[in-house]
There are 2 protein chains.
Amino acid sequence: MSPLFSSLVFTIFFALSACTICRADEGMWLFNDLPAERLQQRYQFEPGQAWVDHLRLSSVRFNVGGSGSFVSSDGLVLTNHHVASDTLYKLSTAERNIMDDGFLAERYEDELRAPDLELNQLVAIVDVTERVQAAVPEGLDADAAAAARRAVMVAIEKESLDETGFRSDVVTLFGGAAYHLYRYKKYTDVRLVWAPETAIAFFGGDADNFEYPRYCMDATLMRVYEDGQPAKLEHFLRWRDTALTEDELVFVSGHPGRTQRMFTVDALKFLRDQRIPFVLDYLRRKEIMLQQYGLQGREQRRRGRDELFGIQNARKAYTGMLAGLQDPATIFSKQTAETELLAAVANDPSLAPLAAAWSKISEIQAQKAALLRQTTSFRSRLYEIAETLNLMAEEDAKPNEQRLREYAQAGRESLLQDLLSEAPIYDDLERAKLSDEIARLVEQRGGDDELVVEILAGKGPRPRATELIAETELADVAKRQALVDAGQSAVHASTDPMIQLARLMEPHYRQLRQQREALEEQERQAYTQITQATNAIRGTDTYPDATFTLRLAFGTVRGYHQDGQWIAPWTNLAGTYQHAESHAGQEDFDLPARWLKKRPNVDGQVQMNFVCTADIIGGNSGSPVVDREGKLVGLIFDGNIQSLTNDYVFSDQQGRAVSVAAAAIREVLRSVYQAPELADSLGR
Amino acid sequence: MSPLFSSLVFTIFFALSACTICRADEGMWLFNDLPAERLQQRYQFEPGQAWVDHLRLSSVRFNVGGSGSFVSSDGLVLTNHHVASDTLYKLSTAERNIMDDGFLAERYEDELRAPDLELNQLVAIVDVTERVQAAVPEGLDADAAAAARRAVMVAIEKESLDETGFRSDVVTLFGGAAYHLYRYKKYTDVRLVWAPETAIAFFGGDADNFEYPRYCMDATLMRVYEDGQPAKLEHFLRWRDTALTEDELVFVSGHPGRTQRMFTVDALKFLRDQRIPFVLDYLRRKEIMLQQYGLQGREQRRRGRDELFGIQNARKAYTGMLAGLQDPATIFSKQTAETELLAAVANDPSLAPLAAAWSKISEIQAQKAALLRQTTSFRSRLYEIAETLNLMAEEDAKPNEQRLREYAQAGRESLLQDLLSEAPIYDDLERAKLSDEIARLVEQRGGDDELVVEILAGKGPRPRATELIAETELADVAKRQALVDAGQSAVHASTDPMIQLARLMEPHYRQLRQQREALEEQERQAYTQITQATNAIRGTDTYPDATFTLRLAFGTVRGYHQDGQWIAPWTNLAGTYQHAESHAGQEDFDLPARWLKKRPNVDGQVQMNFVCTADIIGGNSGSPVVDREGKLVGLIFDGNIQSLTNDYVFSDQQGRAVSVAAAAIREVLRSVYQAPELADSLGR
């Protein structure tokens, strides 16, 4: 990492509240700029380049938004059940209910291929900051600057892809102060090996989610294939079966999705007073809609379950984030630090002009608020397919550099894998979702709005959605392929009502997207200046906000005090059975039949879940937790409720990352799932 | 009823779509102005004054927002389980779970007294229109007019109470064109006799709610007492055990809560684009909050269940209402009728000035929208107690005519019964509710708002709510009584933090209430003019919008076509068992153990639920359905999903009222609940 940045801007916030926090294990560090000195001073640990490279190459990104790791020489990939659940869901049918019943492949031939999963292994990082910044001269207006920036990023990605064959993504860091090119080896033949029952993977359900102590086997094993054979892997994590010890140093290598720690106070107030309340209204709406759909029958419940879980998870996370922001102490501490910083900026004539960036961010929030309640797309799989087909046809007619980013050449393979997925689409679920989305648009724009009148075509939202879904042919992958092949003129001529709806929405979609991207560009420019000012005053030893790229976090295995009680850092398998017994009769606290039956076989002393102080956030789900030797000791699957404020402020006073212990996975594969060979192959 | 009104304004809407609708059994008729001619012409039925008076005096209003009827000479009252559930809930404890297990009193002595239920029997109606209108001279501004109107209504009520001893309410009809004084005999010693298990009362749960066919024993029996003895009743409904026949004429005598059929198109658009979306966001928020609370354990689930049911019921009803309004055909038909009417008004020089009323309504909607998102109260029982105590102390210091209406002398007994109720208050439920309410206020006003800062007192919403609930003493009824007795100075001196919070909110509460009441006054004046214009053009044989006062509706027992299928008008007890079997494994479709065990005793041919075309709405729940002879044949408990638009437009094409058949109640009391004496006493 560029030596221009400092973590002081973050750590100073905590100095105000408690001194234990000064020692916080904060940071989601870039693999090409690890905090060597800090690790050395605090933990007398020096990783060495080989240790770092091995961990990086053993780490896996799931394109559905999670993390994982390679854990055997023959291609085994370990992740969370809840990261795999998108695939488990797509592989399930009314007859083969993998979500409820779990899955175990006895042999390679029994492994089930995921319909559209892509895994990424990070093979190289190249700093391209200078080239990106040179392509965006000062003085351009926001639209032109955004276009120029997009163009150079698309060009760099295309060149890299052509040159290396690797998936190539330019990543924006420090809110726009740095740009790195990430090259990934892609695995697209990924097969399911083992998944436990949802009842134990998500034991305790929505009630226990984000709580601790926990007792979840939130793990799944997949396998990557190359040329139809299990991939032979050089880099994979070895397995540790011995127990974790208190205060032991551990590392988390994963893909935190997004944090907002750089945000100014006004940007946080926008989240508090506008964006998060808006998002929560949206999530609660979808949660009720999916619950209602699921009430129609067992099969509907199965069909809606995966999406419902995602919505509930997000709703609970955002609720915690909002609670943190609504605590006056949070904003007070951020405000105090910002006031100090601004005073220092004002006192330095060379920095003083940068102070305008804070006001600029403030202005932009008001503009963002005005765009917040606008919808120009519908969350329905069939609609999204139509939208993608239509936009792809339009974008393909443009030079690569001028396209919307996801339609540029470098990303084409990944885009098509998703677009042409054979994953099942359920008409009745689509109807429930699209009806609600259209109804929501009517609410947002009002029933007299011209676009609304056109979309409804004289019908209420539900009859209209019913008609669209009955008449579209896009559920058929061959029809999608045909439109991809035939391109723009075929899309223009299409009489498919869903394509026609996407075309009707297109100008509105483009306009809103352009407005939002122009604001993002202005924010990038302002945060680049804020970063400059901050670094000048506080130094440069820090890490950028999360960007769903590989980061290293570290911390220790440690319990915490809550409501006057000491919460021990780990649970064990025996506790899992006790937890079920003490919640008998409550929904989501029934252990799977297999777990009850095999109880006598299970070694109750084996650690089940544990907490550590490492700095994680959504996207880290499935991240490997390794010890000093780089051996796998656990699998991140959650943060406790106190960690939900990690989004904008880290604290390890009570906030903890929650993991499945590696030892428990091996133990239950042997004792409960009767899979000794699979258990033995872990880490080998 | 005054001969000034016509139903043409409503029926004309239907003439546009289908001719079956022209014969619609529309109307929620005033008992002092029944549509004699219409009943004679359509059904050759002449009720006669004795028939009408007997039905009125056998009808019961539940102050919790439902209806019921007297059904025996020794005081039995029949209503819905879901109307009684507020009382069933308050009588339940962790050990005596009446909601889950049902209840049956073997003897009078076993009957459980409801902690705060008030039943009303309508004994007289007096037209006071002239006196109210004379007290509000033209030319007053909205605030002064509202105050003058409130003063005369309060004075009339006080006089009537002093003169007769009856509860006396002045009711606003036709949006302000008529005022009637309703005198009620009150029953406040009400005891629980029999309640079935929620599993059969609400069989099929949220999934089946508002659906048909149905199989619900949504019934409960209570008994009114006077001077500690079962009341001896002169007027009660006799029971009919013979089956209902197709197209049979039936009558519904109950208390529809609120309809909006008089609304102008712009008022409906305000509902469609503003008010209902806002209410739905609120309801979904509360639904999720209560679900989350219930996930904490079985006891929490029990504690939150009654309120959760109410919220879910309202959410489903509003969803249906909004879907109707979002159907362009609805507004189109209303618009067509309004355009015709306005053209006729414009053509008549004596009426033309009244056209301004439509524009006035339109302007008022925009002002209402601006006030929509303001909260100046919190939905938590302990807060509501504090708010009532504080307002009561302030209002009592004013002359009776100047008080807020609910604090005037005529309503004091009812107010105190609620305020001093011994119904349990659960700290953890209060905490969940108040936390969420405070968080919601922070969202609405923003975290930097002055009032918000004062309310939070430096803490986040949850810690603040926790502190308020831990420190208030208002859970103790004696403390409430002491504050009532000591009055204003004691309330001012109170250090109870909930009282202090209510005092902090008071000026905001009063300001918002005044703004809203001024708008309501302006709306009343405009609708009075609209009523004048409408009557002049269309005649005067009609009924006012619902006002939670006694009305008579009528219709026939009739099935309907849905999705090409004929839905038969009734189900039977055998079908109930089949419905459970065909939904095995689905939540809320398990019959109570007693029902399964006693199945061989049950006469499967007895009618269980049935539909009719009578015009009902929320508040009609529990209404008796009687035949031409005035005998009880059923008990309204729901409307089907197609009837949800009844709020603003009636149609009997598919819309139906859903009832429990009286015969089924007697049958299951005998065969399932083994209560032959109680069964025999029904209607006797």
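This dialogue walks through how to read some features of the predicted model above.

Me: What should I know before I start?
Reply: This is a predicted model, so local features need pLDDT of at least 70, side-chain atom pairs count only at pLDDT 80 or more, and totals for chains, interfaces and linings use all residues. Residues are numbered from 1 along each chain as its sequence is written, chains are lettered from A and ligands numbered from 1 in the order in which they are written, and side-chain values use heavy atoms, with hydrogens and water left out.

Me: How is chain A laid on chain B?
Reply: Two copies of a chain are related by a rotation about an axis and a shift along it. Here, a turn of 180° and a shift of 0.0 Å along the axis lay chain A on chain B, with an RMSD of 0.0 Å. The superposition is by least squares on the C-alpha atoms of residues with pLDDT of at least 70 in both copies. The two copies are thus related as by a two-fold rotation axis. The same surface serves both: 100% of the contact residues of chain A recur in chain B. Contact means heavy atoms within 4.5 Å.

Me: How much area do chain A and chain B bury between them?
Reply: The size of an interface is often given as the accessible area lost when the parts come together. Chain A and chain B bury about 3,200 Å² between them, 49% of it on carbon and sulfur atoms. That buried area is the accessible area (1.4 Å probe) that two parts lose on being put together, summed over both. The contact takes 39 residues from chain A and 39 residues from chain B.

Me: How many salt bridges cross the interface of chain A and chain B?
Reply: Side chains of opposite charge can pair when their charged atoms come close. The rule asks for a side-chain nitrogen of Lys or Arg within 4 Å of a carboxyl oxygen of Asp or Glu. It finds 4 salt bridges across this interface. One of them pairs A:K269 with B:D448, at 2.7 Å from N to O.

Me: Which elements give two or more residues to the side of chain A that touches chain B?
Reply: They are α9 (205-208), α10 (265-294), α11 (298-326) and α16 (427-445) of chain A. Helices (H or I, at least four residues) and strands (E, at least two) are DSSP runs, numbered from the N terminus. The largest share, 11 residues, comes from α10(A).

Me: Where is A:V132, and what does it touch?
Reply: A:V132 lies in helix α6 (residues 129-134) of chain A. At 0% relative accessibility, A:V132 counts as buried. Buried means under 20% relative accessible area, exposed over 50%, partly exposed in between (1.4 Å probe, protein chains only). Leaving aside neighbours within four places in sequence, A:V132 is in contact with A:R149, A:V152, A:M153, A:I156 and A:Y179.

Me: Which helix of chain B is largely enclosed by the rest of the structure?
Reply: Helix α24 (residues 662-671) of chain B is, because 9 of its 10 residues are buried. Among them are B:I665, B:R666 and B:E667.

Me: Now the backbone. Where does a cis peptide bond occur in chain A?
Reply: Most residues other than glycine have a negative phi, and most peptide bonds are trans. A cis peptide bond joins A:Y212 and A:P213, with omega about 5°. A:P213 sits in the loop between α9 and β11 (220-226) of chain A. In chain B, the bond from B:Y212 to B:P213 is cis too, with omega near 5°.

Me: What is the sign of phi at A:F174?
Reply: Phi of A:F174 is positive, near 50°, in a residue other than glycine. A:F174 is in the loop between β8 (167-173) and β9 (178-187) of chain A. At 5% relative accessibility, A:F174 is buried. A:D247 also has a positive phi, about 65°. A:D247 is partly exposed, with a relative accessible area of 47%.

Me: Back to salt bridges. How many does the whole structure hold?
Reply: A search finds 122 over all chains. In one, the side chains of A:K90 and A:D116 meet at 2.9 Å, N to O. A:K90 lies in helix α4 (residues 81-91) and A:D116 in the loop between β6 (112-113) and β7 (119-127) of chain A, so the pair ties together parts that are 26 residues apart in sequence.

Me: What does B:K90 pair with?
Reply: B:K90 forms a salt bridge with B:D86, the closest N and O atoms being 3.1 Å apart. The two are 4 residues apart in helix α4 of chain B, so about one helical turn separates them.
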